[in-house]
Amino acid sequence: MSSGIATQVTRSTRLTESVREQSPFGEVFSDHMLSAGYQDGHWSAPELLRFGPVMISPAASALHYGQSIFEGFKAHRTVDGGVALFRPGDNLARLNRTAARLAMPAVPAPLFLDGIAELVRLDRDWAPTREGGALYIRPLYFATDEALMVRPSRSYRFIVMSCPVGPYFSEPVRLVAEEEFVRAFPGGTGDVKPAGNYAGALLAAQRAQSSGFHNVLWLDGLQHRLVEESGLMNIVFIIAGAAVTPALTGTILPGVTRDSVLTLLRGMNIRVEERAIAIDEIVAAHEEGTLTEAFGVGTAATVAPIAQIRYRDRDLSFSTDPQHTVGARVRSSLEAIRTGRAEDRHGWLVRV
Ligand code: COI
């Protein structure tokens, strides 16, 4: 089936089995990319192009003033031999919430949904077959006006690329609570996904890594007291059998994986509490023995067990035993839905 999108099919592919199954996260891209431009109120017809460099003016406003957004979601091979996108409509909705926050026009649903379905159909052989592997879809949307006036751009480019990926982390995650830098603050952009959020977080992550951690545990921007996110992911604690995660109060990214995991936990009869969590509560619950587990949830890592959190002079360690953790159970339940091994009761899969 064709959507009628103009397509420049590559004659030579870079795909090999080892590229598909063993590429490091986000370093090898599939043969094609979707591209569409916006100018003065109108979108151009989308095209499927050979993946490669794009021409961009050094004066492009995205480079200077940061009108740039990305999204991320995955396509999986299913047991019936197909390929399915996981909740693409939720990523479109978040992309457009981010666009509104950055004074950028909305990306039309057919451009996003039909264009990406066509891209994945074209490059479907790039989807890994190994357990836990996926074709990671990366939409990118940025301002292209050649203009140094600080104002919303009048022209934009929307590009979608994809890459075969395996697990983001090769081991359980170690975090250090960050008390100097903040990821988000009330009224800021922490609940949406502009590129700049990630630039602002790099130095903290780099410092954490130089001390032997994978990333930081973000605390709130006002008092450095409330737990917000774990590095690039949302975070869930298991306290007295309940799954406790920060409420979406405006400084937390509403992760699609977060929502999926909370839905599945409720279905497993685990009580879910979305509320404020002070770092002191985490320390106390760990001392009492009621805090049994912590895990990060995000698109790239899916569900990542957390082995350690350092807060000041304390080191809290957690079980990451895949046989006995709630995180491992919910991860395999999510994986079973994504790959069509379990019934898609929530209507999350979009088959291409
Ligand atoms: C995610 O997992 O949701 C991400 O956005 C991670 C990405 C920055 C690699």
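I looked first at the ligand and found one of its oxygen atoms 2.8 Å from a polar backbone atom of Ala300, a polar contact being a pair of N or O atoms within 3.5 Å. An oxygen atom of the ligand also lies 3.0 Å from a polar backbone atom of Thr299, and a polar side-chain atom of Lys193 is 2.6 Å from a ligand oxygen. I noted that the ligand alone exposes 280 Å², of which the protein buries 89%; accessible areas come from the Shrake-Rupley method with a 1.4 Å probe.

I recorded that this is a predicted model in which local features need pLDDT of at least 70 and side-chain atom pairs pLDDT 80 or more, while totals for chains, interfaces and linings use all residues. Residues are numbered from 1 along each chain as its sequence is written, and side-chain values use heavy atoms, without hydrogens and water.

I then turned to strand β17 (residues 302–311), where seven of the 10 residues are buried, that is, under 20% relative accessible area. Strands are DSSP runs of E with at least two residues, numbered from the N terminus, and two of them pair if DSSP finds at least two bridges between them.

I traced the partners of β17. Strand β10 (residues 173–178) runs parallel to β17 over four bridges, with Leu175 paired to Ile309. Strand β16 (residues 291–298) is antiparallel to β17, also with four bridges, and a hairpin of three residues links β16 to β17. Strand β18 (residues 314–317) is joined to β17 by four antiparallel bridges, and Ile309 has Leu316 as its partner there. In the two-residue turn between β17 and β18, I found Arg312 with a positive phi of about 50 degrees.

Terms used. Polar contact = N/O pair within 3.5 Å; in protein donor to acceptor, adjacent residues only side chain to side chain. Buried < 20%, exposed > 50% of the residue type's maximum accessible area, 1.4 Å probe, protein only.
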